[in-house]
There are 4 protein chains.
Amino acid sequence: MGYGMDEADLKALCAESPVHRWLALDIEKAPRGVALHTQLDDRLAQAETGQTAHGGIVATLLDTAATFALIAESGHDWTTVDLRIDYLRPTPLRRVTVVGEVVRLGRRIGRASSALTDQDGKLCAVAIGTFVPVDEP
Amino acid sequence: MGYGMDEADLKALCAESPVHRWLALDIEKAPRGVALHTQLDDRLAQAETGQTAHGGIVATLLDTAATFALIAESGHDWTTVDLRIDYLRPTPLRRVTVVGEVVRLGRRIGRASSALTDQDGKLCAVAIGTFVPVDEP
Amino acid sequence: MGYGMDEADLKALCAESPVHRWLALDIEKAPRGVALHTQLDDRLAQAETGQTAHGGIVATLLDTAATFALIAESGHDWTTVDLRIDYLRPTPLRRVTVVGEVVRLGRRIGRASSALTDQDGKLCAVAIGTFVPVDEP
Amino acid sequence: MGYGMDEADLKALCAESPVHRWLALDIEKAPRGVALHTQLDDRLAQAETGQTAHGGIVATLLDTAATFALIAESGHDWTTVDLRIDYLRPTPLRRVTVVGEVVRLGRRIGRASSALTDQDGKLCAVAIGTFVPVDEP
């Protein structure tokens with residue numbers, strides 16, 4: 001409280017990346033972090049005929065949610081040091097929610113996790129990563 | 001030998017995903033796997049003003065190279081079970097090479113690693129993951 | 001239910017490993033998995049003068065709890081394919097609890113996570129891993 | 001050069017942990033890091049009847065080799081932030097070698113990998129992790 005970032009600033013920061021705009025990410029604050037919402041479409045398919053998102057797109061969503069959880073809670077920017085993604089079931093090309101949560105917020109090191117669920121609330125993929133604060137220029 | 005996939009088939013399979021076409025991936029066979037080449041551009045930026053690729057794009061390239069290493073060596077398709085990415089330095093929005101290599105090719109489980117280097121040969125990110133064969137429909 | 005393993009069988013299986021006996025592990029069933037309890041002592045120190053457990057001992061506890069979560073829920077044995085450990089704070093040489101939970105139980109692949117808390121309920125380390133069923137001889 | 005730690009100091013530091021003495025680790029310098037040698041025995045078995053090391057013991061060896069690679073190259077102590085282990089085949093209860101190598105040595109963050117091979121030179125397990133310098137008291 002008082003140390004975090006408000007939702008309007010989060011939305012502005014999130015919209016700065018062309019990748020986030022391409023994915024039409026909508027971000028909001030959530031307990032200990034953020035929730036992202038987006039509608040996945042054919043551009044993001046694993047294969048032509050499939051109805052499943054590319055694993056790299058899933059990784060992008062999970063990385064973004066985890067990073068923004070730390071930003072939301074700390075009030076400053078972070079960069080990913082490493083990330084593990086577990087793909088639990090195929091992610092359908094439909095509306096998905098990606099929740100990011102801070103696991104531990106340190107001064108030099110932050111940890112955050114994220115979880116992607118589909119429209120039916122099924123857990124499709126989870127991630128956990130290590131992050132460091134972005135040095136101001 | 002005799003069990004792998006030839007380069008023309010790899011190129012065709014790689015081009016099936018709209019994500020790979022969006023990233024303009026060029027794939028070729030390499031020892032124990034594949035090499036991907038692409039020119040990263042402003043669409044893939046981490047932030048508006050930066051000259052650095054989004055971490056999710058780096059993850060997409062590393063996942064794709066590792067998966068195709070297993071495809072190239074085994075001759076059949078694989079899907080990612082889990083993946084760890086280590087970001088070693090920012091990936092510039094320039095020409096990059098992503099080498100994927102099989103670590104261990106089993107019947108039920110495959111392991112592959114990948115490494116992204118920039119135009120100057122600097123190592124920007126590495127990954128290692130676990131994969132399973134895609135069941136034929 | 002009906003497919004899991006009962007607590008007496010879990011205790012017997014856990015006691016089969018000399019490593020588990022050396023760590024004096026006490027195992028019990030818990031929601032979606034198991035809980036391990038043990039008293040860490042000087043034999044397990046990171047360094048002579050420290051009061052902190054060696055990271056490898058923490059890894060051993062987290063691996064064991066995650067593996068036994070899958071055993072408890074499935075009723076058969078599993079082996080670790082890969083594991084990620086996040087060390088959040090030093091683990092004191094005192095009484096600790098390690099909870100293992102199934103994330104997703106498949107026929108060919110299982111995923112489980114684990115969390116180590118100290119006597120004061122502080123979260124010291126977490127892990128997530130991928131596992132495969134052990135083939136019966 | 002001039003910044004690293006010499007082999008006698010590495011051996012002394014390694015012997016400080018009762019866990020390392022229990023595992024009878026022998027450490028020596030190697031290119032970009034260290035090599036550990038040890039003879040695994042029945043105390044370290046996965047199960048009573050097996051001739052395979054417990055996964056937690058493998059994790060301990062890989063964590064130690066990676067950490068000491070950073071110590072050897074930097075000349076100061078490091079602690080593990082996170083670690084991923086890939087188990088490629090069972091580790092036999094025989095003589096093993098564990099090579100640790102620095103992947104990237106930064107001021108605030110270090111990355112190192114490690115690989116365990118058995119007596120026949122077969123690769124049994126690999127790891128990669130993120131580390132931070134230990135603050136002097």
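**Exercise 1.** Identify the salt-bridge partner that C:Arg111 finds in A:Asp86's strand, and place both residues.

*Solution.* In this predicted model, C:Arg111 and A:Asp86 form a salt bridge, with their closest N and O atoms 3.4 Å apart. The pair crosses between chains: C:Arg111 belongs to strand E5 (residues 110-118) of chain C, and A:Asp86 to strand E3 (residues 78-87) of chain A. Next, take the accessibilities. Buried means under 20% relative accessible area. C:Arg111 has 6% and therefore counts as buried. A:Asp86 has 1%, so A:Asp86 is buried as well.

**Exercise 2.** Find the salt bridge between A:Arg84 and A:Asp86, and state whether the two residues are buried or exposed.

*Solution.* The side chains of A:Arg84 and A:Asp86 meet in a salt bridge of 2.7 Å, N to O. Both A:Arg84 and A:Asp86 are buried.

**Exercise 3.** Describe the salt bridge of A:Arg111 with C:Asp86, then trace the network that contains these residues.

*Solution.* The closest N and O atoms of A:Arg111 and C:Asp86 are 3.4 Å apart. This pair also crosses between chains, running from strand E5 (residues 110-117) of chain A, which holds A:Arg111, to strand E3 (residues 78-87) of chain C, which holds C:Asp86. Salt bridges with shared partners link A:Asp82, A:Arg111, B:Arg84, B:Asp86, C:Arg84, C:Asp86, D:Asp82 and D:Arg111 into one network. On accessibility, A:Arg111 is buried because its relative value is 6%; C:Asp86, at 1%, is buried too. Over all chains, the structure holds 24 salt bridges.

**Exercise 4.** Determine which residues form the negative surface patch that includes A:Glu28.

*Solution.* The patch is made of A:Asp6, A:Glu7, A:Asp9 and A:Glu28. A:Glu28 sits in strand E1 (residues 26-30) of chain A. Patch residues need over 30% relative accessible area. A:Glu28 has 32%, so A:Glu28 is partly exposed.

**Exercise 5.** Work out how strands E1 and E2 of chain B are joined, and what stands opposite B:Glu28.

*Solution.* Strand E1 (residues 26-30) and strand E2 (residues 33-39) of chain B run antiparallel and are joined by five bridges. Across from B:Glu28 stands B:Ala35 in E2(B). The hairpin has two residues between the strands, and B:Arg32 takes a positive phi near 60°.

**Exercise 6.** Locate C:Ile57 and give its separation from C:Gln46.

*Solution.* C:Ile57 lies in helix H3 (residues 55-74) of chain C. With a relative accessible area of 3%, C:Ile57 is buried. C:Gln46 is eleven residues away in sequence and 9.0 Å away in space, C-alpha to C-alpha.

How values were computed
Residues are numbered from 1 along each chain as its sequence is written. Chains are lettered from A and ligands numbered from 1 in the order in which they are written. This is a predicted model: local features need pLDDT of at least 70, side-chain atom pairs count only at pLDDT 80 or more; totals for chains, interfaces and linings use all residues. Side-chain values use heavy atoms; hydrogens and water are left out. Patches are made of residues with over 30% relative accessible area and no salt bridge: like charges are joined within 9 Å, nonpolar side chains (Val, Leu, Ile, Met, Phe, Trp, Tyr) within 5 Å. Accessible areas come from the Shrake-Rupley method with a 1.4 Å probe; for residues, only the protein chains shown count as cover. A salt bridge is a side-chain nitrogen of Lys or Arg within 4 Å of a carboxyl oxygen of Asp or Glu. Lys and Arg count as positive and Asp and Glu as negative; His and the chain ends are not counted. The place of a charge is taken as NZ of Lys, CZ of Arg, CG of Asp or CD of Glu. Helices (H or I, at least four residues) and strands (E, at least two) are DSSP runs, numbered from the N terminus. Buried means under 20% relative accessible area, exposed over 50%, partly exposed in between (1.4 Å probe, protein chains only). Two strands pair if DSSP finds at least two bridges between them.
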